[in-house]
Amino acid sequence: MFSGLSLKLKHIGFNYALSKPVFKGVELEVSPGEICSIVGPSGTGKSTLLKCMAGQLQISQGEILIDGHKLLGPQEKLVAGHPEIALVNQNFEQDEYFTVSENIANQLHHLNRQDRLSFVQELLTIFELNSVSNKKSKKISGGEKQRLSMACALAKEPKYLLLDEPFVHFDVHLHRKIGTYLKELAKIREMGVVLVTHNGAEALSWSNRILMMYKGNIQRSYTPEMAYYKPKTLFEGRFFGDLNSVYIQEKQYLFRPNEYSLVPENNKLAVSVTFRKSQFNGPFIENYFQLKNKNEIVLYASTELKEIKEIYV
Ligand SMILES: Nc1ncnc2c1ncn2[C@@H]1O[C@H](COP(=O)(O)OP(=O)(O)OP(=O)(O)O)[C@@H](O)[C@H]1O
C-alpha cells in the first residue's frame, strides 16, 4: 500500500527510574502517509510512548526502527532525537528571542530563499499567525505558542510527526482547518502521523487507524468506523462519544444514540423506556430515558421524544 518504509516499534518497554514499567512489549508500525491515533485513559503511558518514539527517552527493552534503521535513545547519542521525527507536545520548544516568522524560517534552511519565504507565509496563514508574525515568540499567547510549535514542526518536513494533544487551545474553526490541512499534508508528503488525543471525535475524523492503549500496552487497533460502531466494550466505546448499554435476556447490547428505530423492524429487539428529559445540543436533541433496571440511555433525534415508551435496537 505504501512505499514499505515505516516507523516500527518492536516489543518495546519503558520505565522511569526506580518505577515499575509504564509499558511492556508494545508493537506498532506506522507507515508513511498514515495517520494513527492513540487514545486511552489518563496515566496509561501515551505521552511516554511518543517521547520514546521521538528518541527522547531510553527504552528498556525492544527496538525502534525508522525506515529499517535503529533509532538511538538519548543514552546512545549526544543530541537526543532524530532529524526525520518531529514531536509536538506541551513543552513548546521555540527560541523566545526570535520572532514568530524567524522561528518558522529557522526550520527551513533546506529550502532556497524564495521557497522558504513562501512556505513561511503558507504556515503563518494556515495557523493564523500573520498578526503576530513580527512579535518575539516569548510575547505571544499560549494558544499562539501551540500553533507556532506545530508550524515549526511541519516546517521541518519530518517523515514522521508525533502529536501529543496539540489542539487543546484551538477553537472549533481552527481545529477543523488544521485537521484538514494535516490530513492533506500527510498524504501529499507521505508523512506518517501519530496523534495522542483525549478527543474521540478528533481521532474518528482524522485517523486511518485508532489504537486503544491501557494496562501497559496497545490493546486494540480499529478503523474509525469500527471504533465508533463496533467497540468491544462500553469502556472502549465511550472514548468516542455517548454509547448505550442494554441487557436483553442477560445479553449486553451496545448501541450509539443514533442507532435505534421508533417502529418495529426485522432483526431489531424491543426495549421498554421511560422518558426523563431532553437537552438541546445544536444539530440534534439529546433525549434521556430510563430503563427498567434504572440505567439511563440517550437517543439523538431532531425532536423531543416525550411520548416514546418503546424503542428498537
Ligand atoms: N518524568 C516522570 N517521572 C516518573 N514518572 C512519570 C514521569 N512522567 C510520567 N510518569 C508516569 O508514567 C505514567 C504514564 O504517564 P504518561 O504521561 O505517559 O501517561 P498518559 O497516558 O500520556 O497520561 P495523560 O492522558 O494524562 O496525559 C504515569 O503513571 C505517570 O505518572
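Eight helices and 17 strands are assigned in the chain, which is described here from a predicted model. Along the principal axes, the C-alpha atoms fill a box of roughly 70 × 45 × 40 Å. Of the 313 residues in the chain, 50% are buried, and the surface that the chain exposes amounts to about 16,300 Å², of which carbon and sulfur atoms supply 50%. Among the contacts in the chain with a separation of 6 or more, 61% are accounted for by residues that lie 24 or more positions apart. With regard to charge, the chain carries 38 positive and 33 negative charges, and the mean positions of these two sets are 4 Å apart.

Helix α1, which comprises residues 46-53, is largely enclosed by the rest of the structure, because six of its eight residues are buried. The buried residues of α1 are K46, T48, L49, L50, C52 and M53, a set in which the lysine at position 46 is thus included. After α1 comes G55, a residue whose phi is positive, with a value near 80°.

A pairing of helices is found further along the chain, where the axes of helix α4 (residues 142-155) and helix α5 (residues 172-189) come within 13 Å and cross at roughly 10°. Since angles under 35 degrees count as roughly parallel, α4 is therefore roughly parallel to α5. On the α4 side, the contact is made by R147, M150 and L154, whereas α5 contributes L174, I178, Y181, L182, L185 and R189.

The loop between α3 (113-126) and α4 contains S137. With a relative accessible area of 1%, S137 is buried, because the value falls under the 20% limit that is applied to buried residues. Although S137 and T99 are 38 residues apart in sequence, their C-alpha atoms are 5.4 Å apart in space. T99 also belongs to the residues in contact with S137 when neighbours within four places in sequence are left aside; the others in this set are Q94, D95, E96, F98 and N103, together with K145 and L148. The last two of these residues, K145 and L148, are listed as contacts of S137 and have numbers that fall within the range of helix α4, residues 142-155.

Note on methods:
Residues are numbered from 1 along each chain as its sequence is written. This is a predicted model: local features need pLDDT of at least 70, side-chain atom pairs count only at pLDDT 80 or more; totals for chains, interfaces and linings use all residues. Side-chain values use heavy atoms; hydrogens and water are left out. Helices (H or I, at least four residues) and strands (E, at least two) are DSSP runs, numbered from the N terminus. Buried means under 20% relative accessible area, exposed over 50%, partly exposed in between (1.4 Å probe, protein chains only). Contact means heavy atoms within 4.5 Å. Accessible areas come from the Shrake-Rupley method with a 1.4 Å probe; for residues, only the protein chains shown count as cover. Lys and Arg count as positive and Asp and Glu as negative; His and the chain ends are not counted. The place of a charge is taken as NZ of Lys, CZ of Arg, CG of Asp or CD of Glu. Axes are lines fitted to C-alpha atoms, for helices over the stretch in contact, and angles run from 0 to 180 degrees between N-to-C directions. Angles under 35 degrees count as roughly parallel, over 145 as roughly antiparallel, 65 to 115 as roughly perpendicular and the rest as oblique.
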